[in-house]
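Student: I should like a close look at a single part of this structure, namely one residue and its surroundings. Please begin with the contacts and then work outward to the elements around them.

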There are 2 protein chains.
Amino acid sequence: MEVKTRFQLPTILQKQHIARIEGDALLIHDRRRYPLEDSFVTCLSVDEVAQAIQAMVTQGGGPLQVAMTTVRFIARQIHERRAANTVSTFVSGAQKLIASRPTNTTMARTLRAIVAEIGQWYRCDSVRDLHGDDLVFYIDEIVNRYEKSFDTDYDAMSDHGAALLGPSEGILTTCFAEHSFILTLMKAREQGKRLVVYIPETRPYLQGARLTAPALQELGFESYVITDGMGAHFLREGAITTYLTAADLVTMDGTVVNKVGTLANAIACAHYGVPYHAFSMAPDETKATQDEIIMEERDGVEVLRFGSVTTTLDSLKGKYPAFDCIDANLITSIITPRGVFTPQSIETGYAPNSDTKGAGT
Amino acid sequence: MEVKTRFQLPTILQKQHIARIEGDALLIHDRRRYPLEDSFVTCLSVDEVAQAIQAMVTQGGGPLQVAMTTVRFIARQIHERRAANTVSTFVSGAQKLIASRPTNTTMARTLRAIVAEIGQWYRCDSVRDLHGDDLVFYIDEIVNRYEKSFDTDYDAMSDHGAALLGPSEGILTTCFAEHSFILTLMKAREQGKRLVVYIPETRPYLQGARLTAPALQELGFESYVITDGMGAHFLREGAITTYLTAADLVTMDGTVVNKVGTLANAIACAHYGVPYHAFSMAPDETKATQDEIIMEERDGVEVLRFGSVTTTLDSLKGKYPAFDCIDANLITSIITPRGVFTPQSIETGYAPNSDTKGAGT
C-alpha cells in the first residue's frame, strides 16, 4: 500500500486506531471524546456496533472502516461458534450496519459488495476448498482487498486534489474530510506549496475542532480553529482561497451531501469567487437526482449541548438537520478516484460502462 | 415610556436587570452565565466596570445601559466624597468605558454627549442653583432623558420592523439583537402575524442560545436554536423568509458591522433572495466608509472553549475576529428611528441638517 509507506497518516486515520478486534470484542475509537480522551468503545455484538455507529461514536469515513472490521468480526464469531454459520449471519449484520447511518452510502455499497462475495462461500464447495475451509482467512482476504482498493482511491483523489492547489493557499474545510483531504495537504506541502488551513469547529459534535485540527497539528500544518460562522469573514478578507470538503454522498445530478454548515461556506465561496472542491469515492449511481436523497434529522437537543455540558436552558428547542445538500451550481469540481469532474459532467463520467477520465485531469 | 407599558420586555432587557446601583456598588447582570445562572457582577469602581465590559460580562446594548448607570454611579461617588467633584471625574470615567469596547460607538457617542452636558454643572452657577446644588438629581435627570430617548427610538424602530414583516414569516437572526428586534416580533405578533424564529447559537459566547432563545421562550414565541452553520440550510428549505439583526455600527456608505457570523447569513440570504434588515440607532456620521472601522480581534483561545469547558486540545490555535463587515450590496435595509433606509440612501438620510424620513416609511 504505497500511500501508507510514503505518508504517515495522523493517529486518528490509522486503521487500527479506527477499529480493531481484540479477543471477543470489536473496539471502536470514540471520536466523540477525542482528543480530550483517546479511548475505545467495546462492542461484543454486531447490534452493539450498529448502536455505536448510530450514537456517533465514529463518523465520516469511520463507519466504513468499522463496517469492514465488523465483517472480519462476524467471521470470527462464526469460527468460534458464537454465530450461525450461514450467509444470513452476514446479511443481517450488514443490514443492521446500513440502517445505523442511512446517509452513508459508501458503507452500504461496500457492505453489499462484500456480502455478495461471501455468498460464494456458502454456494460453492470449490471456493471453500480453495481456502482450506478457513472462513476467517477467506473473509480477511476479501476485506484486505477492499481496504487496499480504498487506499488506492485515496491516493488517486489526493493526487488530483494536490494538483488543484496553487503555490500558496488558504484552505477552508468543514467537519473532518479525512484521508483524501489530509493526503492532499501532505502531497501539496511535499510539492513545496504553502498552506494555511481554516477549520470551522463544526457544531454540535465539533469534528473540526476535535478531529481535523489535532490531525493537522500532529502533521505540523499551520491551522486555525474558527467558529462555524466565520468562514465568510476570512473569505471576505481574502485569507481563504480554496474550499475543500468530503462528500457523504454525491447524486448523479452533481449535488453534494455533506455535514450541515458546508452549504453556508459553499455559498460564501461562490460569492467571493473562491473554488469549492468536494472529494467523493464515487457518485451514487442509484440516485439520479437530489430528490432521492434520504436526509438524516437528528435530535435537536444536541444543539443545546457540548458533549455532556448543557449550553443553555433544557426547555428550549433545537433543530439539528445533520446534512446539507449543496446544489451543483455552487460546486467547482468533484474529485473522485477517476479524476476531477464538474458537477455537470459527473453523470457522464460515471455512466454505466463508462471509463471516462475526469474532465480536469 | 409608552414602550414599557404596552409590552413587558423579557427579564434580560429590563433596565434594572441589566445594571443597577446598590449601596456602594454597581451591579452588572452577567450575560456570560445567563440563563444557567442569573447572577450579577459587583463593581466598586469605574475601573471595575470597564474591566467587566472588557471581559464581556455584558454585551450588545448592555454596555450602553451600563455606561448610563455608571454616570449615575459616579455622581453618587462624588456625593459621598469617594471621588473628586470635578468634571474630570466624569471625563476619565467615560474614557475608560469607551476604551473598554472600541467597536461600540453608540455607547461612546452617548457618553460624550452626557459628559458634555455635565460640563454645564461645573461651568454655570445657574445650572447648579436650578438643581438645588444636588448633583445626583441633576445627573439622574440627564440620564433619565437619554434612557427615555432610547426607548422612544426602540419604539420607532420596532414599528418600522414590524411593518416590514408579512403575515407569516420564518425569521433568522444572529447573536442577540435586543430591544428593536424583540419589540418588532412582539408588535408583529400583536398584528396577527405568524412568526417562527431560527436562532444561531452564536459561538463562542452563545448569545443566541443563551440570551435570544430564553428571551423569546419567555415571551412565548415559537423558536429554535440552530448552530451557526445552519442558516443556509433553512434558507434553502424555504423555512426562513426574513433576516433581522442588530448593527453594532453602520458607516455612512451603508456598511453594517455586527457579530461575526452575520456576514455568512447575509450572503446566504442574498443567494436565496431573502431580505436582510439591520436595526441601527443611527449611522456613525464620523465614519464615511468602512475603511474607518476599527475592528476588534479577540483572543483565539476563546474559540477552543465553551465557558470554562475546553472543547479540544489547548495547544491548538484559534482565531476570533469578533465582528463582520457586511457590505451594502448584501443589505436590503437599515431600520433606524428615522425610518427604513436602503444602505445607499442612509448617507442622504443622515446628512448634517437632514430631517429626511427613511425611504421605506
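Tutor: Setting aside the neighbours within four places in sequence, A:Cys43 is in contact with A:Ala25, A:Leu26, A:Ile28, A:Glu48, A:Val49 and A:Ala52. The model is a predicted one, and every value here is computed from it. A:Cys43 belongs to strand β3 of chain A, which covers residues 40–43. One of its contacts, A:Leu26, is 17 residues away along the chain, yet the C-alpha atoms of A:Cys43 and A:Leu26 are separated by 5.1 Å. A:Cys43 has 25 other C-beta atoms within 10 Å, and it is therefore classed as buried, the cut-off for that class being 20 or more.

Chain B offers a view of a strand with the residue range 40–43 in its sheet. There, three strands form an open sheet in the order β1-β2-β3, with antiparallel pairing. In chain B, β1 (19–22) and β3 (40–43) each have a single partner strand, so one side of each is left without a neighbour in the sheet. From one strand to the next the twist averages 25 degrees. Between β1(B) and β2 of chain B, residues 25–29, the antiparallel pairing extends over 4 bridges; B:Ala19 stands opposite B:Ile28 of β2(B).

Two helices lie across this sheet of chain B. Helix α3 (residues 46–54) of chain B crosses β2 and β3 of chain B and runs at about 145 degrees to β3(B). Helix α4 (residues 62–79) of chain B lies across β1 and β2 of chain B, at about 20 degrees to β1(B).

Returning to chain A, another open sheet has 7 strands in the order β6-β5-β4-β7-β10-β16-β17, and its pairing is mixed. Its edge strands are β6 (222–226) and β17 (339–341) of chain A, each of which pairs on one side only. Here the twist averages 25 degrees from one strand to the next. Within this sheet, β4 (residues 168–172) and β5 (residues 194–200) of chain A run parallel and are joined by 5 bridges; A:Leu172 has A:Tyr198 in β5(A) as its bridge partner. Helix α9 (residues 178–190) of chain A lies across β5, β7 (242–246) and β10 (276–279) of chain A, running at about 140 degrees to β7(A).

In chain B, helix α9 (residues 178–190) can be examined for its length and burial. Its 13 residues should span 18 Å at 1.5 Å a residue, and the end C-alpha atoms are 18 Å apart, which agrees. The helix α9(B) is mostly covered, with 11 of its 13 residues buried; among them are B:Phe181, B:Ile182, B:Leu183 and B:Leu185. Just after α9(B), B:Gly192 takes a positive phi of about 90 degrees.

For contrast with the buried cysteine, consider B:Glu141, which is placed in helix α8 (residues 135–164) of chain B. B:Glu141 has 12 other C-beta atoms within 10 Å and is therefore exposed.

Finally, the two chains meet: 44 residues of chain B are in contact with 44 residues of chain A. On the side of chain B that touches chain A, α10 (207–218), β6 (222–226), α11 (231–236) and α12 (262–272) of chain B each supply at least two residues. By class, that side of chain B has 24 nonpolar, 12 polar and 8 charged residues.

Methods:
Residues numbered from 1 in each chain as written. Chains lettered and ligands numbered in written order. Predicted model: local features only at pLDDT ≥ 70, side-chain atom pairs only at ≥ 80, totals over all residues. Pairing = 2+ DSSP bridges. Axes fitted to C-alpha atoms, helices over the stretch in contact; angles between N-to-C directions. Contact = placed C-beta atoms within 7 Å. Nonpolar A, V, L, I, M, F, W, Y, C, P; charged D, E, K, R; others polar. Expected span 1.5 Å × (residues − 1).
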